[in-house]
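Trainee: Could you take me slowly through one part of this model, the surroundings of a bound metal, and explain how the pieces fit together?

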Amino acid sequence: MLTLFQSSAETTASSVVALPDWTSLPELPLASEILAKQPQIPPDNPVTKPWESKEVYLDTQYKILRCDATEGLRHSVRSYIEATRCRPTDKIYDNESTCIYTRVRVKGVTLARMGPIFTIEFSLEQSKFRILWQQSRRLIPGTIVALTTKGDNFKSICKVATIVQRPFKDGLDQNPPRVDLMFAKPEDAVIDPDLEMVMIESREGYFESARHALLGLQQAAKTDSPLDKYILGSYNVDTPPNFIKEQPIMDLSSLDHRTGDPDPEPIEGLAQHDVIKDGIPSVLGATLLDESQLQALHRAITTELAIIQGPPGTGKTFVSLEYLKTQVAHRRKHGGPPIIVSATTNHALDQLLLQCLGANITNILRLGGRTKSQDIKAHTLFQRSILEKFPANASKDYLERERKRCVSALKELFEHVFGDRLIDPNALLSTNIITQSQYDSLMDDTVESTATLNGHGPFMAWLGDNLIKDEALRDRYLTQYELSEVEALQNLPEFEEEEVENIADDEEDQVRIRGERFRFEHVWSGKPPADMTRSSRTAEKALREQDLFQIQRGLRGAVYQQLRSKLLQRTTEKANALLKQYVSICKRLKDCKIARETHLAEKQCIDIVGCTTTGLTKYRGFLAELQPRTLLIEEAAETREVDIVSALYPSVQQLVLVGDHQQLTPKCNLSWLAGHPFNASVSLFQRMINLDMPFRMLKEQRRMKPELRYILSEFYPNLVDHPLVESLENRPDVPGMGCRNCWLFDHTWPEEVNSDCSKFNRQEAQMIVHFYAYLVLNGTPASKITILTYYNGQCKVLLRELRRHPSIIGQEKEFIVRTIDSYQGEENDIVLLSLVRSPKEDSAWKVGFLEDEHRAVVAISRARRGFYLFGNIQNALHAHDISFHLWAKIWNGFAEQECVQRSKGIPLVCEAHKHEVWMKDVNDWGDNAGGCNSQCGQTRPCGHPCTLKCHPTRHELLRCGQPCREKLVCGHGCERNCGQPCMCHCAQFQEFIAQTQAKEEVPSRRISLAERMLQMGAAPSEMLQQSIEMHQPLSRQPNTRPGRFVNGATRQMIQSQIGRSTMSIQTRASSKWTQFPANIQQHDEEIRQERAAEIAAASKASSTQINEVYQPTSLVNGRRVGGGRCVNQQVKHGKADDPAPASAPEPEPEPAPASAPIAAAESAGVVPSEFSLISIPVLTPIPATTSVPIPAHVCDVEHQFEGDLLIAL
Ligand SMILES: [Zn+2]
Ligand SMILES: [Zn+2]
Ligand SMILES: [Zn+2]
Ligand SMILES: [Zn+2]
Ligand SMILES: [Zn+2]
């Protein structure tokens, strides 16, 4: 087939690429950049000395950013090219930096207002793993990809495109999967569905966050701003901005936070305060601001560049809010443009905007739609413009008409080549693909009538038998995947799309990616000759024949395809020209949109415009048009310098940077750009401090208990505690820890690596999860505990372990397990920190991320009341000097407070006895029930002795695991445990159940233990309520698993509802059951023999062995006891004198000691096994029902028992 790209092929690769002047580069990379053999190394970026000129400064910033955004793709394409030199394409697989997609074909186009968006399908055969798209970061919107044709393989063709969207339904869930993309150059567009392409994606490098900044820097080069002198580092004198110099009298009455009835006397002069002459207002005593906050606020108001450092918990956002209040008051009084506020994350931005709404600043405009808050959603551009009536706009109407014209022209073009009709000979004639005489021969009268009959045109008759459905020719390449580890890790949180800035960021954009859709698909085709592959040369030769009907019949299929391909080539040329027009119309339409939005902001008297720092550049056109004077950046030390600099519109007079350069730094894609000499991870905030720019630090922290703050004091020596955190009322001690609110747990358990190359530490995770469960049992709600870790891999393991832990089953929604990087700016009552890194014995010390002081500072400063650190501290101290200096400080923070005991582990103090227990190993937790190792020894409300170890949970909330053995209507003893509905498998009892059911005597729905307890007058605790919610609604479906208890209702409940019977249980309907003899002992004897025979047959074991294994069920005092695999020696007569199971065997501690009891509890109801006789520490405060997911390994145990069931009964 002909290649359709000769016309648009890019320049060939060369090792040295001379790029045009940076100020005129398009934002998307050129093909020549991607095909370059060497990276474009950017200039050095010094961060400790001033810049000589703005030109050099911006040039450097631009080149670093461009390199960061495009180098990943260049590298990936280059390594793909190198790899294909020595191996065939199908032997090259994805690796840790590159994803390869083959059999890429275009399936259609959507002519949206954003531009033409192409749908492509692709194969994942180069990926060794099955991809879980909902969790995968592959092909996320905004990623750049490089495409080439299969034949060219990046020799000269390189088409750059960006992913626009990757819908799961009808997209990625298809086989082959599909995504939507946009070509960087409209003339690169492909419309031939038969053209096979290869697509390369880099895993390093997300483009969308950089593309707008690249344009913004070009804009910034064209204009000047009063802030330039500070940015260059050549000026550091405090200077008030012009608009404050002109109007220094400000209304600061919002600083008076006193409330009361009657309203307190206003502070004199506060409403007319000259911020320059009068300095800081004296409001201490009347304001909630502390002194350092007040000073910072004054600085923010009165200087062009204000830098405010807010260490953890010092109320940065509070100062920002107070600043905004004064600015809005000033703006309302004297007029002026809206104030722009921005933060790196949507979360931080929304926090600030919500506080503004709370402070009655409601004229807010939120740019970008990634807000989770419904209150903020009402303030998005989209929502605000719904109500707005815009004046008629002639140029917009004109452009819209032009766009429609373009669409219909393209539609006509596409209809000629695609659709269910055969090619129109007229189209071939008009494009000179066939001659007039060929045309005439085809339009022969004799065949025309048949052709018209079918509506297919003359080619129908000409092709005859050679006409076939096109899909018959398409190759099928459904990919089969190997089962991967990725697949095994189920139940992971879905990939958070909020993490990335999307191309379609808000509802407005969603509208913009809709439009007219055209499918690129041939319905009919010509059958290629059977004896040869379809050869274009043979077909070409045949086309010299002027009478087309003279062409050999067997060849006509190939000739038809040749004609169609030529027509498609001509169509592509025309279409690309039209698409180029279309794109330029779309760009102009976007400008009209900006004009409309500016109008809206003015008309709706917008006080504050909020967006993320990426939004600052993405909406640059609109924001610049508003001519803002003040720009407030929250989390400024985490913001890339380029984002701020490219947002310094000429109108901006005041820049307020609020952040903390000791916490997280800006992220960049390439680690080699982050450090010296390119310093891409050094923020403007940090650089200004390096350059001795004046700044204010907030000093009073209101988050951490003093002992927690102490750990931080080496990093923030000036930080002091607000009285609030010193009071036990506000910061109570952690229950179950005996006043030890922080602790460092040191271990040497080795780390491992998962398939994503992320580290995890299984034993550390298990230790943390046991401790977590302990805290929950002691009354700390799961939602008040955050587990922080350095590695994604560990997050997954922690979540898996949490979901397995029986004591916290049913609370999955509450679990907060996060990486440190995603937790800046957030806090919780209790934080458990997992360091993960711990080399195997004989391996070198290695710490990775742990050596980063910024991350460590964030990690140790998130907790309000309790902070517990788990890790291999020796490793952190030994790895190298940087790591030593960092972790020695943290170690000392704990050690000086006697909060570490390496040899003993971590101490717990039970609430009941105040006993101290030390946990050193995962196995130490054994059957810990949330207290010490003493036995509880109390009597349960049901009359059974409690056989648990010391526990803080009330007995009412614990399911009793003792055998019930209540005498039932059938005369047998109950087979189950006390905490379960009574059960006997005999026919009589089953019939009784069936009758009871028929009479509808069973409650219309099951009642949970929790509900029952409420009915019995228990205090409606949070836990009870939660338990009840969890169990509703309940289904009445009978459980099909024989012997498994059906619900969590207690025996008492059943008794009160339906006497001695119980609810529906489907039994195994074997013939044995229907003929169940009345004499249970006779039956037992049968079974015994049966089983003996089975075992003897299976293992040729002697009969004495069998007797050891099996003990017959017998009746003792009218109760059925024993049976099953184990000897039921402990069972004595009657209930009252049931022995304490001191002599009972211990349950197997492995594989999962803590969860075995649950399995035992459930299976023990049927088969009195070794588990049923001992205490069953079912610590789940919520009675387990079928609606509670049971961890996989628990189910395994159950199945094992099911096997026994057949034999034992
Ligand atoms: Zn105790
Ligand atoms: Zn107890
Ligand atoms: Zn009991
Ligand atoms: Zn019972
Ligand atoms: Zn019975």
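Mentor: In this predicted model, the zinc ion (ligand 3) has as its protein donors the SG atoms of Cys942, Cys960 and Cys978 together with ND1 of His944, and these lie 2.0 to 2.3 Å from the ion. The angles that these four donor atoms subtend around the zinc ion (ligand 3) run from 100 to 117 degrees, and the arrangement is therefore tetrahedral, since four donors count as tetrahedral when all angles lie between 85 and 135 degrees. For comparison, the ideal angle for four tetrahedral donors is 109.5 degrees.

Read along the chain, the donors of the zinc ion (ligand 3) have the spacing C-x1-H-x15-C-x17-C. Cys942 and Cys978 both sit in the loop between β29 and α33, so this pair ties together parts that are 36 residues apart in sequence. Cys942 is partly exposed, with a relative accessible area of 24%, whereas Cys978 is buried, at 2%.

The zinc ion (ligand 1) can be read in the same careful way. Its coordination comes from Cys910 (SG), His913 (ND1), Cys932 (SG) and Cys950 (SG), at 2.0 to 2.3 Å, and because the angles between these four donor atoms are 105 to 114 degrees, the arrangement around the zinc ion (ligand 1) is tetrahedral. Along the chain, the donors of the zinc ion (ligand 1) follow C-x2-H-x18-C-x17-C. Cys932 and Cys950 lie in the loop between β29 (916-919) and α33 (987-998), so the two tie together parts that are 18 residues apart in sequence, and both Cys932 and Cys950 are buried.

Key:
Residues are numbered from 1 along each chain as its sequence is written. Chains are lettered from A and ligands numbered from 1 in the order in which they are written. This is a predicted model: local features need pLDDT of at least 70, side-chain atom pairs count only at pLDDT 80 or more; totals for chains, interfaces and linings use all residues. Side-chain values use heavy atoms; hydrogens and water are left out. Donors are N, O and S atoms within 2.8 Å of the metal (3.2 Å for Na, K and Ca); water is not among the atoms, so sites may look incomplete. Four donors count as tetrahedral if all angles lie between 85 and 135 degrees; four count as square planar and six as octahedral if opposite donors are over 155 degrees apart and all others between 65 and 115; anything else is irregular. Helices (H or I, at least four residues) and strands (E, at least two) are DSSP runs, numbered from the N terminus. Buried means under 20% relative accessible area, exposed over 50%, partly exposed in between (1.4 Å probe, protein chains only).
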